[in-house]
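Visitor: Please give me a close look at the interior of this model, and explain each term as it arises.

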Amino acid sequence: MTTPETAPGRIATGQSTARAQRCLFCGAEYPLYPPIVAGCPNCEREGFKAPLEIVYDYPESGDWLPDSPLPGLTRYAPLLPPLADNLSMGEGGTPLVQHPPHLVDGDFELYIKDESRNPTWSHKDRLNLCVVSAALAVGAPGMVAASSGNHGAAAAAYAARAGLHAVILCTPRPPAVASFLQAYGQTVVAVPDVLTRWTLMQRIIDELGYHPASNFTTPPTNHPFGSEGYKTIAYEIYLQLGRRAPEAVFIPVSYAELTFGVFKGFKELKQYGFIPEIPHIIGCEPAVGAPLKRAIAEGQPVVHVDAGPSDAYAIAVPVNSYRGVVAIRESEGLVLAITEEEMKAAQAELGRAGMWGEISSVISFAAAKQAKSLGLGKKGPLVCVHTSSGFKDIHVGETPIPLIDGSWDAFQELMAARQ
Ligand SMILES: [Zn+2]
């Protein structure tokens, strides 16, 4: 592990056309560095914490888009924030798997964009390539992230590769996730609740100068560079569908970095004339809270709700991000609230089709069950973004494998019970 004293101040390089940061709410622009993670200063004066995005001097021609969706996000460097040299671990280029047509309830093509095949088994690798590059670009002595799992592991891994010390603040985790988070030689520490976590994170930023790699504000604003990495999911889906746009994309939502990133990627494809319309972005939230659904319904930038407990712990949040509102509104999309039972049924069903997804991930597949009743799928394929594999769920390891004595009789008994 690299200590703060010996961390490199390596400046990120690349052929990025990123020019500035821009507030999604008021449009104010700021220099590209340092990243504004705690919200737009202009909106802050009005008492609102607003997220920012990256703006580019877009290349005139669409030559930046490669012909094939191979792994490694550096291939999309012109339309990403500056990426550090040698930091990529071949993230992205994940398969777009067609769901077996005989298992689809309706006359449409359904695909699963399987982000569990990334270097740390989730979509978060795309984000952390961009965020760790930003930390290196500003010469940060280390990084700090608050995370329940996937983000923390990806941040730890990419920081480790960059030679940066990372502090990952989590809440107590299931055993598999605890091992996962600690696999990268970084400092992983559990604190009792989210607010304590954010307060400590702020202190680490102030006292040690560590770079914030996750959200620590209410309402959430998040790192402006992070969502940009998710644009590549849209580029890949387009290429993998044979240069077609899906009609709609179902996406698990918490603070909507993924939702906004995929939306923005399709928006850029439209801007270059690759696709005629931006696909409808269908945000998928656990029904125990669903703040984005309510924000859209009430026409509010942000709402707070009482979020109950959910097995989809990675995405069950009590407040939405304005980032999600922009993506849903501008794509003429909608938000679906999915129950715990629907998520569990979807997980079992996907398993029977050969894919094991985290509960927070299969929510997109559960939501796609409503496609027929929503009249979706007539104008193009539907895509579910599957963010992560199932080994991180709360109840992993609780179902024992049946143990028999090895005799033929016992085996026959077991087979009879299966009928
Ligand atoms: Zn603003």
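Guide: A nonpolar core is a set of buried Ala, Val, Leu, Ile, Met, Phe, Trp, Tyr and Cys residues joined through C-beta atoms within 7 Å; buried means that 20 or more other C-beta atoms, placed from the backbone, lie within 10 Å of a residue's own. The model is predicted, so local features need pLDDT of at least 70 and side-chain atom pairs count only at pLDDT 80 or more, while totals for chains, interfaces and linings use all residues. Residues are numbered from 1 along each chain as its sequence is written.

The largest nonpolar core of this protein has 119 residues. The members that touch the most others are Val-132, Met-143, Ala-155, Ile-168, Phe-250, Ile-251 and Val-262. Helix 2 (residues 124-137) supplies nine residues, the largest share of this core. Helices (H or I, at least four residues) and strands (E, at least two) are DSSP runs numbered from the N terminus. The protein has 13 helices and 13 strands, and 52% of its 419 residues are buried.

Ala-155, already named as a core member, is one of the buried residues of helix 3. Helix 3 occupies residues 150-162, and its end C-alpha atoms are 18 Å apart, which agrees with the expected span of 18 Å for 13 residues (1.5 Å times one less than the number of residues). Of those 13 residues, 11 are buried, so that helix 3 is mostly covered. Asn-150 and His-151 are among the buried ones, as are Tyr-158 and Ala-162. The cover over the buried residues includes helix 2, strand 6 (142-146), strand 7 (165-170) and helix 4 (175-181). Just past helix 3, Gly-163 has a positive phi of about 80°.

Ile-251 offers a second view of the core. Leaving out residues up to four places away in sequence, Ile-251 touches Leu-258, Thr-259, Val-262, Ile-281, Ile-282, Gly-283, Cys-284, Ser-364 and Val-385, where contact means C-beta atoms within 7 Å. Over the protein, 71% of the contacts with a separation of 6 or more join residues 24 or more positions apart.

Cys-284, touched by Ile-251, leads to a sheet. The bridge partner of Cys-284 in strand 12 is Leu-336. Strand 11 (residues 280-286) and strand 12 are parallel and share five bridges; strands pair if DSSP finds at least two bridges between them. Both strands belong to an open sheet of six strands, in the order 4-5-13-10-11-12, whose pairing is mixed. Strand 4 (96-98) and strand 12 (334-338) each have a single partner strand, so each edge strand has one side without a neighbour in the sheet.

Strand 13 (382-386), another member of that sheet, is followed by a loop that runs on to helix 13 (408-418) and contains Asp-393. Asp-393 is buried because 26 other C-beta atoms lie within 10 Å. Apart from neighbours within four places in sequence, Asp-393 is in contact with Asp-311, Glu-358 and Ile-359. By contrast, 34 Å separates the C-alpha atoms of Asp-393 and Lys-378, which are 15 residues apart along the chain.

One further pairing may be viewed in the model. Strand 1 (residues 18-23) runs antiparallel to strand 3 (residues 52-56), with five bridges between them, and Ala-20 is partnered there by Val-55. Strand 1 also pairs antiparallel with strand 2 (residues 29-31) over three bridges, and Gln-21 has Tyr-30 as its partner in strand 2. Five residues lie between strands 1 and 2 in this hairpin, whose turn holds Gly-27 with a positive phi of about 80°.

Technical notes. Buried ≥ 20, exposed ≤ 12 C-beta atoms within 10 Å, placed from the backbone. Contact = placed C-beta atoms within 7 Å.
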